[in-house]
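Here is a short walk through one chain, meant to be read with the model open beside you. We begin with a helix and the sheet it covers, then turn to aromatic rings and the chain as a whole.

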Amino acid sequence: MIYFDNSATTKMSPAALTTYEEVVKSIWGNPSSLHRLGDRAHQLLEAARKQCADLLGVKPYELFFTSGGTESDNWAIKGTALAKREFGRHIITSSVEHAAVGNAVRSLEDLGYRITVLPVDKRGQVNPADLKHALDSDTILVSIMGVNNEIGAIQPIPEIGEILDNYPGVHFHVDNVQALGKGIWNQVYCPRVDLMSFSAHKFHAPRGIGLLYKKAGRSLRPLHDGGGQEKGLRSGTENLPAIAAMAKAMRLYLTDEPAKAAKQQAIKQRIVEYLQDKPGVTIFSPVAHDFAPHILCFSLAGIRGETLVHTLEAQDIFASTTSACSSRSGEESGTLHAMHVDDDLATSAIRLSFDEHNTLEEADQFISVFDKIYRHFAKVNHLGQEN
Ligand SMILES: Cc1ncc(COP(=O)(O)O)c(C=O)c1O
């Protein structure tokens, strides 16, 4: 089996699974309980928070455990809107955000907030000058992702941060769900960032757990009211086994990060080199400094993305149409649409997404399988050139 769908989810690491099981079995007290079973759970909770904070280079009290990227995005956006509603009602985002951001912002529009959606260029990137233009005295939040989940475009986060230095009251949220551990941290983080979303199942930890980074001093209203866990900001008994497994997985994931990222880039490069001159093929994720190493989105005109995904699956190769969460709904890619890619090409797109366990041999196997599909396609479509 070749698993090239790591941006949808990753396989849980054996070490994270062991941690998960051990905590389920032996540290089952509630971290809020006053007795020693609670103490033990609480200590583990805080140790996990500290480990994640150290790895991310932030303070433990700036990290909050959530149920994943979707909750972190919703909290960053709606929590800011509620906390800052006396100061303004204007939110700026981009046209290529994940639905967790796009739909959260849209729901605020219904509540009277004003939304500016920044366009992207042909490579799926926002222009910082457009942001500069859109900012006004009513702006309370800018939410721009670090790495686009469909094509891997890296957004100009440090440049945006620089612009926002002149707007100190504006919250800057970055959805970094796809950006961790890919050797591009200085491109997706800068000190001006106030809020960041992470999702553990993208780095070999369980699904349903994640993190929100909130810079100390920034105000955010809770969306989950209740018993006051997470310093009163995110109520609900903490999912300790998943949290401990996430901390373990994150440490392993970020070990040897440059070498792992280079390996993924090499896989991407090998496949891009094969694809790039093929008539009918369009590559949306170039091998470039401003594209993540682990995502490769391309179209073979005339074959629907879902058909290609199932054809590859029949050969035990697992890929996605552009975004796993929208693929079942059959919607075309929001990112390609925002890039003004023709509908036909957008519905033909598929996404390969790699992790550190993929190999160049797998890339070669993919090429050999795809080549057969392509030759058949070229013959049927009289594309002529094929060698
Ligand atoms: C960029 C981005 N943001 C948010 C999410 C949602 O994360 P989760 O699945 O943990 O809710 C995803 C998931 O694919 C994503 O790619």
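In this predicted model, helix H14, residues 360-380, lies across strands S9, S10 and S12. Its direction makes an angle of about 15 degrees with S10. Helix H10 (residues 305-314) lies across S10 and S12, and runs at about 45 degrees to S12.

The sheet under discussion is open and has three strands, in the order S9-S10-S12, with antiparallel pairing. Strand S9 (281-283) and strand S12 (349-353) are its edges, as each pairs on one side only. On average, neighbouring strands here are turned by 25 degrees against each other, direction ignored. If you look at strand S10 (residues 295-300), you will find five bridges joining it to S12, the two running antiparallel. Within that pairing, Phe-298 has Ile-350 of S12 as its bridge partner.

Phe-298 is also a good place to start on the aromatic rings. The count of aromatic pairs comes to eleven. Two of them are set side by side below.

| Ring pair | Distance of centres | Angle of planes | Arrangement |
|---|---|---|---|
| Phe-203 and Tyr-253 | 5.8 Å | 35 degrees | tilted |
| Phe-298 and Phe-370 | 5.5 Å | 85 degrees | edge-to-face |

Why does the pair of Phe-298 and Phe-370 count as edge-to-face? The planes of these two rings stand at 85 degrees, and an angle over 60 puts a pair in that class. This pair links distant parts of the chain, with Phe-298 in strand S10 and Phe-370 in helix H14, 72 residues apart. Phe-298 is buried, at a relative accessible area of 0%, and Phe-370 is likewise buried at 0%. Both belong to a cluster linked by ring pairs, whose members are Phe-4, Tyr-274, Phe-298, Phe-354, Phe-366, Phe-370, Tyr-374 and Phe-377.

The other pair in the table sits elsewhere in the sequence: Phe-203 is in the loop between strand S7 (195-199) and strand S8 (210-214), while Tyr-253 is in helix H8 (residues 240-254). The pair therefore ties together parts that are 50 residues apart in sequence. Phe-203 and Tyr-253 are both buried.

Now for the whole chain. It holds 14 helices and twelve strands. Its radius of gyration is 21 Å, which agrees with the value near 21 Å for a compact globule of 387 residues. The C-alpha atoms fill a box of roughly 70 × 50 × 35 Å along the principal axes. Buried residues make up 55% of the 387. About 16600 Å² is exposed, with carbon and sulfur atoms supplying 52% of that area.

Terms used:
Residues are numbered from 1 along each chain as its sequence is written. This is a predicted model: local features need pLDDT of at least 70, side-chain atom pairs count only at pLDDT 80 or more; totals for chains, interfaces and linings use all residues. Side-chain values use heavy atoms; hydrogens and water are left out. Two strands pair if DSSP finds at least two bridges between them. Helices (H or I, at least four residues) and strands (E, at least two) are DSSP runs, numbered from the N terminus. Axes are lines fitted to C-alpha atoms, for helices over the stretch in contact, and angles run from 0 to 180 degrees between N-to-C directions. Contact means heavy atoms within 4.5 Å. The radius of gyration is taken over C-alpha atoms; the globule rule is 2.2 Å times the number of residues to the power 0.38. Buried means under 20% relative accessible area, exposed over 50%, partly exposed in between (1.4 Å probe, protein chains only). Accessible areas come from the Shrake-Rupley method with a 1.4 Å probe; for residues, only the protein chains shown count as cover. Rings of Phe, Tyr and Trp (its six-membered ring) pair if their centres lie within 6.5 Å; planes under 30 degrees apart count as stacked, over 60 as edge-to-face and the rest as tilted.
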